[in-house]
Amino acid sequence: MSSTLDRRLFLTSLLGAAAGVAGLSGCADGTAATSAKGASTAPLATEVPAGTSLKIASFQNAQELQFKLAKLPKLPFTVSNWLNIGAGPDVINAFRAKSLDLANNAGIPPIQAYYQGFDAKIVAINVTRKPNYLFATKPGSDIRSVADFEGKRLAFSQGQAQGVVLLRALKKAGLAYDDVTLVPLTSNQFLTALQSGQVDIAPLGNSQAPAYLQQYEAKGARTITTDVVDLLSLLWAPVSVLNDRAKAAAVAAYIPQWAQGQVWQYEHPDVWNKEFYVKTQNLTLPQAEAITALANKPLFPPSWDEAIAWEQETADLLAEGGFVKKFDVSPLFDHRFEHLAAEAVPAEYRK
């Protein structure tokens with residue numbers, strides 16, 4: 001924001017509804033050991049009890065389609081609902097409403113949930129090494145680089161990956177938060193804000209940029225690439241889910257297939273281009289091929305040390321700007337699940 005007062009008002013507006021939410025606690029098995037945050041430390045069940053079900057996020061139906069195309073083994077539990085939900089704030093709200101049990105997000109939503117007083121844990125990590133986002137300008141803009149962001153209005157979502165990518169880009173360019181105006185929006189509002197001129201710049205996913213440029217490049221819109229990465233793609237779940245012995249076993253059974261699905265998608269770009277980007281996202285085949293050319297090779301680390309360090313750096317960056325209070329991120333990780341993804345994939349996909 002343009003001033004400390006503005007930032008405080010922004011935070012008050014964004015977090016007011018969640019300020020009084022207490023962290024979840026308790027355990028379905030009353031004999032299970034629990035941590036100070038109420039998360040179970042009991043060993044995971046080796047089998048999923050009959051009748052167990054999970055509600056899993058599948059933004060734009062991508063996860064469900066991936067499992068279908070990869071022809072993975074039948075899951076040992078029922079997916080009672082694949083929810084078309086992806087944005088971090090929406091996922092947190094769905095977790096609170098108990099309409100969602102497991103979601104795939106970047107590193108920042110778990111930080112935001114913790115700051116809002118909601119207890120959830122990270123259960124799987126996929127490390128990304130190449131940028132998943134770039135910056136798009138509004139039509140008619142003269143912005144050519146991140147240095148040109150000074151004095152401009154930037155679309156900013158505090159609770160999503162796009163937000164931290166923007167903050168990292170500003171820091172790398174030597175720009176302070178007060179050198180720009182951060183306009184609080186969620187990522188699903190970014191395109192409309194660009195088109196209307198409400199903002200000068202917005203971070204877009206690599207998959208969004210081709211369609212935006214197709215419509216607005218002739219009117220002076222452009223994209224600006226950087227080498228800023230958002231390191232983590234992760235699975236996470238509410239503590240209430242992980243404290244349920246049956247649901248925790250189902251999460252553990254899901255993680256290997258989640259990892260294998262990522263590998264399948266990476267190894268079959270031609271199928272994914274046609275079945276997902278062309279058939280469901282209405283992109284042309286050349287646009288789809290341009291997106292998959294930028295795809296990250298999935299990497300599942302046997303150890304989460306790097307992921308924890310990255311998550312701490314991200315939380316510290318948000319704290320520096322006054323967006324959250326400084327805290328230790330290590331309680332965000334449930335190490336019972338740490339080895340599962342790496343063990344499920346070939347050695348070349350282990351970080």
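At 33% relative accessibility, Q60 counts as partly exposed, because buried would require under 20% and exposed over 50%. This glutamine makes a convenient entry point to the structure, which is a predicted model. Q60 sits in the loop that links strand 1 (53–57) to helix 2. Its phi is near 55°, a positive value in a residue other than glycine. A comparable backbone feature is found at K98, where phi is near 60°, again positive in a residue that is not glycine. K98 belongs to the loop between helix 3 (88–96) and strand 3 (103–106). With 59% relative accessibility, K98 counts as exposed, whereas Q60 is partly exposed.

Stepping back to the whole chain helps to place these loops. The protein chain holds 13 helices and 10 strands. It has 351 residues, of which 53% count as buried. The accessible surface comes to about 15100 Å², and carbon and sulfur atoms account for 51% of that area. Contacts that span long stretches of sequence are well represented: among contacts between residues at least 6 apart in sequence, 80% join residues at least 24 apart.

Just beyond the Q60 loop comes helix 2, and here Q63 is a useful residue to look at. Q63 lies in helix 2 and is buried, with a relative accessible area of 8%. Once the neighbours within four places in sequence are set aside, Q63 is in contact with A57, S58, W82, N104, Y254, W258 and Q262. Helix 2 (residues 62–70) also packs against helix 10 (residues 269–278), at an angle of about 135° and with the two axes 11 Å apart. The two helices are therefore oblique to each other, and their crossing is right-handed. On the helix 2 side, the residues involved are A62, L65, Q66 and L69, which meet V271, W272, E275 and F276 of helix 10. The spacing of such residues can be read against a simple rule: an α-helix has 3.6 residues a turn, so residues three or four places apart point the same way.

Helix 10 has a further partner in helix 11 (residues 285–292). These two helices pack at an angle of about 120°, with their axes 9 Å apart. Helix 10 and helix 11 are therefore oblique to each other as well, and this crossing too is right-handed. The contact is made by P269, N273, K274, Y277 and V278 of helix 10, together with L285, A288, E289, I291 and T292 of helix 11. Helix 10 thus offers V271, W272, E275 and F276 to helix 2, and P269, N273, K274, Y277 and V278 to helix 11.

Another part of the structure is organised around helices 4, 5 and 12. Helix 5 has 12 residues and reaches 17 Å from its first C-alpha to its last, close to the 16 Å expected at 1.5 Å a residue. Of its 12 residues, 10 are buried, so helix 5 is largely enclosed by the rest of the structure. The buried set consists of A161, Q162, G163, V164, V165, L166, L167, R168, A169 and L170, and it therefore includes the polar side chains of Q162 and R168. After helix 5 comes G174, whose phi is positive, near 80°.

Helix 12 (residues 305–320) has 16 residues and spans 23 Å from its first C-alpha to its last, close to the 22 Å expected at 1.5 Å a residue. Its buried residues are A307, I308, W310, E311, Q312, T314, A315, D316, L317 and L318. These buried residues pack against helix 4 (108–115), strand 4 (120–127), helix 5 (161–172) and strand 10 (232–238). Helix 12 is followed by G322, whose phi is positive, near 80°.

Helix 4, one of the partners of helix 12, contains Q112. Q112 is buried, with a relative accessible area of 3%. The C-alpha atoms of Q112 and Q160 are separated by 8.5 Å, although the two residues are 48 apart along the chain.

Note on methods
Residues are numbered from 1 along each chain as its sequence is written. This is a predicted model: local features need pLDDT of at least 70, side-chain atom pairs count only at pLDDT 80 or more; totals for chains, interfaces and linings use all residues. Side-chain values use heavy atoms; hydrogens and water are left out. Helices (H or I, at least four residues) and strands (E, at least two) are DSSP runs, numbered from the N terminus. Buried means under 20% relative accessible area, exposed over 50%, partly exposed in between (1.4 Å probe, protein chains only). Contact means heavy atoms within 4.5 Å. Accessible areas come from the Shrake-Rupley method with a 1.4 Å probe; for residues, only the protein chains shown count as cover. The expected span of a helix is 1.5 Å times one less than its number of residues. Axes are lines fitted to C-alpha atoms, for helices over the stretch in contact, and angles run from 0 to 180 degrees between N-to-C directions. Angles under 35 degrees count as roughly parallel, over 145 as roughly antiparallel, 65 to 115 as roughly perpendicular and the rest as oblique. A crossing is left-handed if the near helix is turned anticlockwise from the far one by less than a right angle, and right-handed if clockwise.
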